[in-house]
Amino acid sequence: MANNIEVKDLLDAGVHFGHLTRRWDPNMAPYIYMERNGIHIINLYKTAAKIDEASEALKKIAASGRKILFVATKKQAKEIVAEKAAKANQPYITERWPGGMLTNFVTIRKAVKKMAAIDRMKKDGTFNTLSKKERLQVDRLRAKLEKNLGSISDMTRLPGALFVVDITREHIAVKEAQKLNIPIFAMVDTNSDPRQVQYVIPANDDASKSIDKVMTYVSDAIIEGLSERKASKEAPKADAPAKAEKKAPAKAETPAAPAVEAPAKVEEAPAVAEAAKQEEE
């Protein structure tokens, strides 16, 4: 992945622009290159290295079969994150963060099941037996659930990691993940505390071009991890027929059991009896 990350591309996307110097978090000092016109400039060489590090970790999580939950509710990040997460077949939250999404996951799953139950009602005709008012209420509930939880309907267990755009804005999601020891990957601007997350990507988290550029690298790494998982699953299936063919001839060549010499024993019996008779005489 490191070879694919060009500092020039990051520069063109405006990833280097931080916040005003008066709004900075001192813990971001190691990632700041300089100050220009009252704005902090992020060191893009460190950003490229951190993207590479985060991408490798996300690739391994995806290859293990666990999900990565993307969180971005700010206006300029919503559509980009939803598109990239859907492309990588991962769950995402781009509307309001539902309180207890992680710490009270059982309740959230019940809401998702309720949405599935409404869909079943519409398929089996039960929905049509309701009154007009009840149908309207059910439709409104379904629309609300779809808006808030539709993107996580396939997430049947807690995610293997969280990817956050702007940890200051999504502080509730970050706190819940910390409580459950879920690894956090995040785009961290100069006004945020990088100590809150395990995998920091120092970057401008306000510009849509910057978000799109970083999300492209991240989603590509996840897709690569999923491809590796698929290939490793298909390999044993491909080997199975070959093994079966090798075993089949071995069974056919098994030597037959030796014939029983019962008739010979039967022929010997009269001879023994005659010898005994002669001895008696």
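Buried is taken here to mean under 20% relative accessible area, and exposed over 50%. The structure described is a predicted model. In helix H6, which spans residues 171–179, the residues that count as buried are Ala173, Val174, Glu176 and Ala177. Viewed down the axis of H6, these buried residues fall within an arc of 165 degrees, so they line one face of the helix. An α-helix has 3.6 residues a turn, so residues three or four places apart point the same way. The face of H6 turned away from the buried side carries Lys175 and Lys179, both exposed. The buried residues of H6 pack against three strands, namely S4 (68–71), S6 (161–165) and S7 (184–188). After the helix comes Asn181, which has a positive phi, near 60 degrees.

The strands contacted by H6 belong to an open sheet of five strands. The order in this sheet is S5-S4-S6-S7-S8, and the pairing is parallel. Strand S5 (92–93) and strand S8 (199–202) stand at the edges with a single partner strand each, so one side of each is left without a neighbour in the sheet. S7 and S8 run parallel and are joined by four bridges. Within this pair, Ala186 has Val200 in S8 as its bridge partner. Helix H2 packs on the sheet, where it touches S4, S6, S7 and S8. The direction of H2 makes about 140 degrees with that of S8.

The loop between S7 and S8 contains Val197. The relative accessibility of Val197 is 8%, and the residue therefore counts as buried, given the cut-off of under 20%. Leaving aside residues up to four places away in sequence, Val197 touches Ile167, Ile184, Ala186 and Val188. Ala186, the bridge partner of Val200, is thus also a contact of Val197. The C-alpha atoms of Val197 and Phe185 are 6.4 Å apart in space, while the two residues are twelve residues apart in sequence.

In soluble globular proteins, nonpolar side chains tend to be buried together. The largest nonpolar core of the model has 35 residues, and Ile68, Phe70 and Phe163 are those with the most contacts inside it. At least two residues of this core come from each of helix H2 (44–63), S4, helix H3 (75–87), S6, S7 and helix H7 (208–252). H2 gives the most, with eight residues. For Phe70, the contacts beyond four places in sequence are Val81, Ala85, Gln90, Pro91, Tyr92, Ile93, Phe163, Met215, Val218 and Ile222. Another core, of 29 residues, lies apart from the largest one and includes Tyr31, Met101, Leu162 and Ala173. Ala173 is also one of the buried residues of H6.

A further open sheet has three strands in the order S1-S3-S2, with antiparallel pairing. Strand S1 (17–20) and strand S2 (32–36) form the edges, each with a single partner strand, so one side of each is left without a neighbour in the sheet. From one strand to the next, the twist averages 30 degrees. S2 and strand S3 (residues 39–42) run antiparallel and are joined by four bridges. In this pair, the bridge partner of Glu35 is His40 in S3.

Conventions: Residues are numbered from 1 along each chain as its sequence is written. This is a predicted model: local features need pLDDT of at least 70, side-chain atom pairs count only at pLDDT 80 or more; totals for chains, interfaces and linings use all residues. Side-chain values use heavy atoms; hydrogens and water are left out. Buried means under 20% relative accessible area, exposed over 50%, partly exposed in between (1.4 Å probe, protein chains only). The arc is that of the directions from the helix axis to the C-beta atoms. Contact means heavy atoms within 4.5 Å. A nonpolar core is a set of buried Ala, Val, Leu, Ile, Met, Phe, Trp, Tyr and Cys residues joined through side-chain atoms within 4.5 Å. Two strands pair if DSSP finds at least two bridges between them. Axes are lines fitted to C-alpha atoms, for helices over the stretch in contact, and angles run from 0 to 180 degrees between N-to-C directions.
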